[in-house]
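Work through the exercises below with the sequence and the model open. Try each task before reading its solution.

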Amino acid sequence: MGIEADYVWFDGELVPYSQANVHVLSHTLHYGLGVFEGVRAYPQANGKAGVWCLDEHLERFELSARMIRYPCPYSREQLVEACIATLEANGHTEAYLRPLLFLGEKFMGLGARNNPVHVVVATWPWGAYLGDEGMQKGVRIKTSSFTRHHPNAALQRAKVVGHYVNSILARYEANDDGYDEALMLDHHGFVAEGTGENVFVVKGSSVMTPPALNILPGITRWRVIDILRHEGIEVHETAFTRDAFYVADEAFMVGTAAEITPIREVDRRTVGTGEPGPVTRLVQKIYLDAVRGKVDWLAHHITAGR
Ligand code: PMP
């Protein structure tokens, strides 16, 4: 199914979906220099949309833009309004939001610096990123033959358009080999992340996740750490190797798109019992309740839509 939306916010105004087009010589299209975000909105008790962790996503968007040396030309207030207005115009209460900053058409070449800077916000309904069955029963993943970017080859904190070629190569490889998702290692061989998710491993009474060094420091990852600590479960941000999954009791992937997705198999080894375990289930339940405004102590992360 294609994208279902009527409007896209494009450089300050809502334009009809079919008119939200760019020139074929747009600089970002050729070289990948641009930044984006992935945000989700969920229906709240009043039936309206609530955007989960919007401020943190927009902060990362602005920082990503600064890191590539194209500061976002819109203020935080304007970006928030763009997100809310696009959801409203599209009649979306449960949707994915995609802010994107890209360079337009005027000059070509890697040294070009004076291209127009465009910002768009699109929204569309998007179900379980790794499938409904994956959400319930867990996904099967495979260590990728593609290594995550070396920290001196990319900006690890930034969500840069071109970085995602690495992720797509890994995702295609995993899918073509019959797996749902790839597990990516860093250049030292330590576990980094999924192609668009962070990862957690549960062993005994504690949980671990790779430190925010050679990964995209995901906003869901921070929320999951908050939830685990709130529940009195120890969580360590520490380096580990792929075999930690082979001996884990439980494992799961987290991200705005993937939410909390259990992992049931890694490299043809069953994780724990092969069923999502109690820690995974608990985090998944609290998270999916929280995004819908049902968890008081996390409710301040929701920005109300109209
Ligand atoms: N790692 C990568 C590479 C990602 O693209 C994403 C999705 N933005 C994540 C982790 C998870 O980040 P978040 O929880 O902020 O969506």
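**Exercise 1: the end of helix 2**

Helix 2 is followed by Arg 69, whose phi is positive, near 75°. Helices (H or I, at least four residues) and strands (E, at least two) are DSSP runs, numbered from the N terminus. The model is predicted: local features need pLDDT of at least 70, side-chain atom pairs count only at pLDDT 80 or more, and totals for chains, interfaces and linings use all residues. Residues are numbered from 1 along each chain as its sequence is written, and side-chain values use heavy atoms, with hydrogens and water left out.

Task: Describe helix 2, then place Arg 69 and say whether Arg 69 is buried or exposed.

Solution.
- Step 1. Helix 2 has 14 residues. From its first C-alpha to its last, the helix reaches 20 Å, close to the 20 Å expected at 1.5 Å a residue. The expected span is 1.5 Å times one less than the number of residues.
- Step 2. Look for its buried residues (under 20% relative accessible area; exposed is over 50%, partly exposed in between; 1.4 Å probe, protein chains only). Among them are Leu 54, His 57, Leu 58 and Phe 61.
- Step 3. Arg 69 sits in the loop between helix 2 and helix 3. Its positive phi occurs in a residue other than glycine.
- Step 4. Arg 69 has a relative accessible area of 62%, so this residue is exposed.

**Exercise 2: a second positive phi**

Task: Find where Asp 267 lies and decide whether Asp 267 is buried or exposed.

Solution.
- Step 1. Asp 267 lies in the loop between strand 15 (259–266) and strand 16 (269–270).
- Step 2. Its phi is near 50°, again positive in a residue other than glycine.
- Step 3. The relative accessible area of Asp 267 is 11%, so Asp 267 is buried.

**Exercise 3: the nonpolar cores**

Task: Which residues have the most contacts inside the largest nonpolar core, and which elements give two or more residues to this core?

Solution.
- Step 1. Apply the definition: a nonpolar core is a set of buried Ala, Val, Leu, Ile, Met, Phe, Trp, Tyr and Cys residues joined through side-chain atoms within 4.5 Å.
- Step 2. The largest has 28 residues, and Val 51, Cys 72, Leu 101 and Val 119 have the most contacts inside it.
- Step 3. Strand 4 (39–43), strand 5 (49–52), helix 2 (54–67), helix 3 (76–90), strand 6 (95–103) and strand 7 (117–124) each give two or more residues. Helix 3 supplies the largest share of this core, six residues.
- Step 4. Check Cys 72, leaving aside neighbours within four places in sequence. Its contacts (heavy atoms within 4.5 Å) are Phe 61, Ala 65, Leu 79, Leu 101 and Val 119.
- Step 5. A second, separate core has 25 residues, including Tyr 42, Val 202, Val 207 and Ile 219.

**Exercise 4: the surroundings of strand 9**

Task: Why is strand 9 (residues 181–185) largely enclosed, and which strands pair with strand 9?

Solution.
- Step 1. Five of its five residues are buried, so strand 9 is largely enclosed by the rest of the structure. Glu 181, Leu 183 and Leu 185 are buried on one side, Ala 182 and Met 184 on the other.
- Step 2. Strands pair if DSSP finds at least two bridges between them. Strand 8 (residues 139–143) runs parallel to strand 9, with three bridges. Lys 142 stands opposite Ala 182, and Ile 141 is the bridge partner of Glu 181.
- Step 3. Strand 10 (residues 191–193) is antiparallel to strand 9, with two bridges. Met 184 has Glu 193 as its bridge partner. The two strands form a hairpin with five residues between them, and Gly 189 in the turn has a positive phi of about 95°.
- Step 4. Turn to strand 8. Four of its five residues are buried. Three bridges also join strand 8 to strand 15, in parallel, with Arg 140 opposite Glu 265.

**Exercise 5: aromatic pairs**

Task: How is the pair of Phe 200 and Phe 252 arranged?

Solution.
- Step 1. Rings of Phe, Tyr and Trp (its six-membered ring) pair if their centres lie within 6.5 Å; planes under 30 degrees apart count as stacked, over 60 as edge-to-face and the rest as tilted. The whole structure holds 10 such pairs.
- Step 2. Phe 200 and Phe 252 are stacked, at 5.2 Å centre to centre and 5° between the planes.
- Step 3. Phe 200 is in strand 11 (residues 198–203) and Phe 252 in strand 14 (residues 250–255), so the pair ties together parts 52 residues apart in sequence. Both are buried.
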